[in-house]
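Grab the model and work through the exercises below. Each one comes with a worked solution, so try it yourself before reading on.

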Amino acid sequence: MNLVGTFWALVPPIIAIVLALITKEVFSSLFIGVAIGALFVTGFSPVATVDTIVNDGLIAAISGNAGIFLFLILLGIIVALVNASGGSAAFGRWAEKHVKTKVGAALATFILGIFIFIDDYFNCLTVGSVMRPVTDKQKISRAKLAYIIDATAAPVCMIAPISSWAAAVSGVASDLDTGKTGIGLFIAAIPYNFYSILTFVFIITIILMKFDYGKMKIHEMNAMINGKLGDLEDDDKTNEENKVNEKGRVFDLLIPVIVLIVLCTIGMVYVGGFFGTDAWGGTDYAGDFMGAFGNTDSYIGLPWGGLLTLVFTIVYLALRKVLSLKESLKCITKGFTAMVPAMTILTLAISLKTMTSNLGAADYVYGVMQGAASGLYNFLPAVIFVVATGLAFASGTSWGTFGILIPIVTAIFPVDSTLFIIGISACCAGAVCGDHCSPISDTTIMASAGAHTNHVDHVSTQLPYAMTVCAISFITYIIAGFVQNWLICWAIGGALVVCTLFVLKRLSAKEKVNA
């Protein structure tokens, strides 16, 4: 029985996702998904299955993503250093005086997430480490923090011309005959990326309305009434073990973060060849900032900036006489240990993506798209959005999703038409939406790590919010297929978000009265 290129290609990730949501245990759920995928790939041969899991799955996932693992470790150590220096505690004391409401703390987290648009991994971990003391003081649950982090990671990167995501999209599009440069096509598609834009409207509205629904409401009530933030168990142990360093000041947190942002940006363009030669020996982008960013590899650039920032932070804290060298070196094991769960989940998730790819998920989706193209022309942006969302949700990869679908969109629409731009946007927006919803997405995993919360709690509380915006985005893409004017679509989509939340709040109030 040949399972390649059929619906069976999507079965392993679906099983993993369902198991994770039912059992609330992500490690075993992902491994079962990997094992089932390997069985399908090898035709149910036991020995070949084990070989595929180990070599094509786990080893390939670790070796192929060593740069991101290194960056996670470096960032974990930097966070441990900042905590040991008392910088995080000092920032928490400052925030307690200046950010005096839950609304203010949530909006501050949202704004910081918007500003850190270079890379989604970087965004998740940096915003989480900086804002945890602030949101904890205001009794915002870690699940809510994780949602805000996640919703301002990939959605922001997907509409930021200077980001690793812009580089990825432009890299895919640059090899196609579209009459535009890759980055030019990315920028042209930004106004029609309704999922990203409406997500921002949703976050601001729900914060200002002071309203939550679904499982998020339960987590927020537990945080407010019982003081149970939903943090990881080892957070409490860490807080008990670490005495607050009274020498720490707010700038002991801010300076390392600012240096990290600057050096990671420099690292990205350095790898892309801005300063003369890129990581592959080419000189095409010397002096071209945008070109170098489009040519970069974040798996090299981010560790580059992270390593220099770590050295800077150790020296800086030693010169400030806040931490001795011996005390700083103790933070290495703490930082590494803190990132082990995230790296384990990431390894398993990437292994599962490999199995899905080997089973020909791209071929199956291509066939579905070709079948829809014949009779649903003006509805195609909405169809593309749904297909991209489903593929990204099942596979856990947004980059892989638009890598598969952008060439298909190019083949369906005339490249000089507005529908072509809308189709590209729908593909990118769906990729972000599915990535945002999926428990096996690396960005979702990073958001859980950044907020220091249980991964399944993050997924289950975020899903109703993401699906609400997803449904409204789908309607907006139907309208865009006929109207083809992004301003009108923005107005309609934004109004639908606000009206939907007001209706949900009214229904929630009625349920409370009836109860």
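**Exercise 1.** In this predicted model, work out how helix α12 (residues 194-209) and helix α24 (residues 455-483) are oriented relative to each other.

*Solution.* Start with the axes: they lie 9 Å apart, and the packing angle is about 135 degrees. Next, sort that angle into a class. Over 145 degrees would count as roughly antiparallel, and 65 to 115 as roughly perpendicular, with the rest oblique. So α12 and α24 are oblique to each other. Last, check the handedness: α12 crosses α24 in a right-handed way.

**Exercise 2.** Which residues of α12 and α24 meet, and how do they split by class?

*Solution.* Take the α12 side to begin with: Phe194, Tyr195, Leu198, Thr199, Phe202 and Ile206 make the contact. On the α24 side, their partners include Tyr465, Val469, Ile472, Thr476 and Ala480. Now sort the whole contact by class: 12 residues are nonpolar, four are polar and none is charged.

**Exercise 3.** Zoom out and describe the fold as a whole, from its helices and strands to its compactness.

*Solution.* Count the elements: the protein has 25 helices and zero strands. Then compare radii: the radius of gyration is 23 Å, close to the 24 Å from the globule rule for 515 residues, so the protein is as compact as a globular protein of that length. For its extent, the C-alpha trace spans about 70 × 65 × 50 Å along the principal axes. Turning to burial, 55% of the 515 residues count as buried. Finally, look at the contacts with a separation of 6 or more: 79% of them are between residues 24 or more positions apart.

Key: Residues numbered from 1 in each chain as written. Predicted model: local features only at pLDDT ≥ 70, side-chain atom pairs only at ≥ 80, totals over all residues. Heavy atoms only, no water. Axes fitted to C-alpha atoms, helices over the stretch in contact; angles between N-to-C directions. Helix = DSSP H or I, 4+ residues; strand = E, 2+ residues; numbered from the N terminus. Parallel < 35°, antiparallel > 145°, perpendicular 65-115°, else oblique. Left-handed = near helix turned anticlockwise from the far one by under 90°. Contact = heavy atoms within 4.5 Å. Nonpolar A, V, L, I, M, F, W, Y, C, P; charged D, E, K, R; others polar. Rg over C-alpha atoms; globule rule 2.2 N^0.38 Å. Buried < 20%, exposed > 50% of the residue type's maximum accessible area, 1.4 Å probe, protein only.
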